[in-house]
Each structure stands twice: as C-alpha cells, then as structure tokens.
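Please look over the sequence and the structure shown here before reading on. The report that follows moves from aromatic side chains to helices, turns and selected residues.

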Amino acid sequence: MLEQLLLLAHVIGATVLFGTGAGIAFFMVLAHRTRDPKLIAHVAGTVVIADALFTATAAVLQPVTGYLLARLIGWELTEGWIALSLLLYVFTGLFWLPVVGIQIRIRNLARAAIAERSELPAAYFRLYRIWFAFGFPAFFAVIGILWLMLNKPTIALF
C-alpha cells in the first residue's frame, strides 16, 4: 500500500512539474507576443505564483518520493537509469532556478512600464530571450526523466 501511495505521489509530482512548466511557457509566450505591458505583468505575476505554489512544491517533493520509493522497492540510487534521472533533474534545476528570477524581473519591468506609461524596455526583451532559451534544455531534460522513469533501461554509468 505504501509503495502505491509513493508511486502515485511521485507520478503526480512529475505530472505537475511537466504540466506546470508547459502551461507557464505557453501563457508567457502568448502574453509576450502581445507586447502589452498590462497583460505581460498580469501573466508573469500569475506565473510567479504558480511556480511558487506548484513547481517549487513538486520540485522539493519529487526527490523525496523518488528516494523513498527506491528504498522501498530496493533500487540503488546508483542504478544507471536512476542516476541519469537525478543528473537530468539537477540539470533541469540549473535552468529553472534562473528562470524563476527572470520571471520576477519580467513581471517587475512590465509593471514599471505600466506605471511609467511607456513601452517595455530593452531589458525586458533581453530577459525574455534568455527565459525562452532556458526553457528548451529544461523541457527536454524533463522529457528524458519521464522516459527513464517509464522504461527503466539498463544503463551502465558506474
């Protein structure tokens, strides 16, 4: 019973990480395309909240449920597919953490443009390009993690 509960929590966590990331990307791109500071400020503000509530919570719980599940089943963390999943997880985090800060700065720049009744500044567009570029490696790394979790291939890493 505990194994099934941990597995469910782990799958829900993976789903939340993937779904929230994809949803955030979708809405941020659509908001950016309007070039409307009000819409961008609103969407970016919502994204910052969603990242704090959903992504961060799942990001913390995911390794916990994965570790407990591996121990319960008897898998070693050095097993190839698990070790590679963990490496990809860290890799994803290295892209996600700066993105959180960028989203906050994007929100703040859009709010400042509203307050000043001005266009979005060049800094906004620079940050957006970085945010956009950072999404791709993180997105594909998460897909890789999901593939590894589902297939559990034999991989000799150590």
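## Aromatic pairs

In this predicted model, Phe27 has a relative accessibility of 48% and therefore counts as partly exposed, a class that lies between the limits of 20% and 50%. Phe26 is likewise partly exposed, its relative accessible area being 47%. Phe26 and Phe27 form an edge-to-face aromatic pair, with 5.1 Å from centre to centre and 75° between the planes.

A second pair is made by Phe139 and Phe140, whose ring centres lie 5.5 Å apart and whose planes meet at 75°, so that this pair too is edge-to-face; an angle over 60 degrees is what places a pair in that class. Phe139, at 33% relative accessibility, counts as partly exposed, whereas Phe140, at 52%, counts as exposed because the limit for that class is over 50%. In total the structure holds 11 aromatic pairs, and ring pairs also link Tyr124, Phe125, Tyr128, Trp131, Phe132 and Phe136 into a cluster.

## Overall architecture

The protein has 4 helices and 0 strands, and along the sequence it follows the pattern α-α-α-α. Its C-alpha trace spans about 60 × 30 × 20 Å along the principal axes. Of the 158 residues, 34% count as buried, while the exposed area of the protein is about 9500 Å², of which carbon and sulfur atoms supply 72%.

Among contacts between residues at least 6 apart in sequence, 81% join residues that are at least 24 apart. One pairing across the sequence concerns Thr154 and Trp81, which are 73 residues apart along the chain but have C-alpha atoms separated by 6.7 Å. Thr154 is placed in the segment after α4, and with a relative accessibility of 85% this threonine counts as exposed.

## Helix α2 and its ends

Helix α2 covers residues 37–73, and its 37 residues should span 54 Å at 1.5 Å a residue; the C-alpha atoms at its ends are 50 Å apart, which agrees with that expectation. The helix nevertheless has a kink of about 40°, centred on Asp51. At the start of α2, a side-chain oxygen of Asp36 comes to within 3.0 Å of the backbone nitrogen of Lys38, and after the helix comes Gly74, whose phi is positive, near 105°.

Gln62 is found in helix α2. Is this glutamine buried or exposed? At 6% relative accessibility Gln62 counts as buried, because buried means under 20%. Leaving aside residues up to four places away in sequence, Gln62 touches Ala9, His10, Gly13, Ala14, Leu17 and Tyr89.

## Helix α4 and its packing

Helix α4, formed by residues 122–151, has 30 residues and reaches 45 Å from its first C-alpha to its last, which is close to the 44 Å expected at 1.5 Å a residue. Its buried residues are Tyr124, Leu127, Tyr128, Trp131, Ala138, Ala141, Val142, Ile145, Leu148 and Met149. Tyr124, Tyr128 and Trp131, buried in α4, are also among the members of the aromatic cluster described above.

Which helices do the buried residues of α4 pack against? They pack against α1 (2–34), α2 and α3 (80–116). Just after α4, Lys152 takes a positive phi of about 45°.

## Positive phi in the loops

Most residues other than glycine have a negative phi. Against that background two arginines in loops can be inspected, starting with Arg35, whose phi is near 60°, a positive value in a residue other than glycine. Arg35 is located in the loop between α1 and α2, and its relative accessible area of 42% makes it partly exposed.

Arg117 also has a positive phi, of about 50°, although it is not a glycine. Its place is in the loop between α3 and α4, where Arg117 counts as exposed at 78% relative accessibility.

How values were computed
Residues are numbered from 1 along each chain as its sequence is written. This is a predicted model: local features need pLDDT of at least 70, side-chain atom pairs count only at pLDDT 80 or more; totals for chains, interfaces and linings use all residues. Side-chain values use heavy atoms; hydrogens and water are left out. Helices (H or I, at least four residues) and strands (E, at least two) are DSSP runs, numbered from the N terminus. The expected span of a helix is 1.5 Å times one less than its number of residues. The bend at a residue is the angle between axes fitted to the seven residues ending there and the seven starting there. A polar contact is a pair of N or O atoms within 3.5 Å; within protein, one must be able to donate a hydrogen and the other to accept it, and residues adjacent in sequence count only if both atoms are side-chain atoms. Buried means under 20% relative accessible area, exposed over 50%, partly exposed in between (1.4 Å probe, protein chains only). Contact means heavy atoms within 4.5 Å. Accessible areas come from the Shrake-Rupley method with a 1.4 Å probe; for residues, only the protein chains shown count as cover. Rings of Phe, Tyr and Trp (its six-membered ring) pair if their centres lie within 6.5 Å; planes under 30 degrees apart count as stacked, over 60 as edge-to-face and the rest as tilted.
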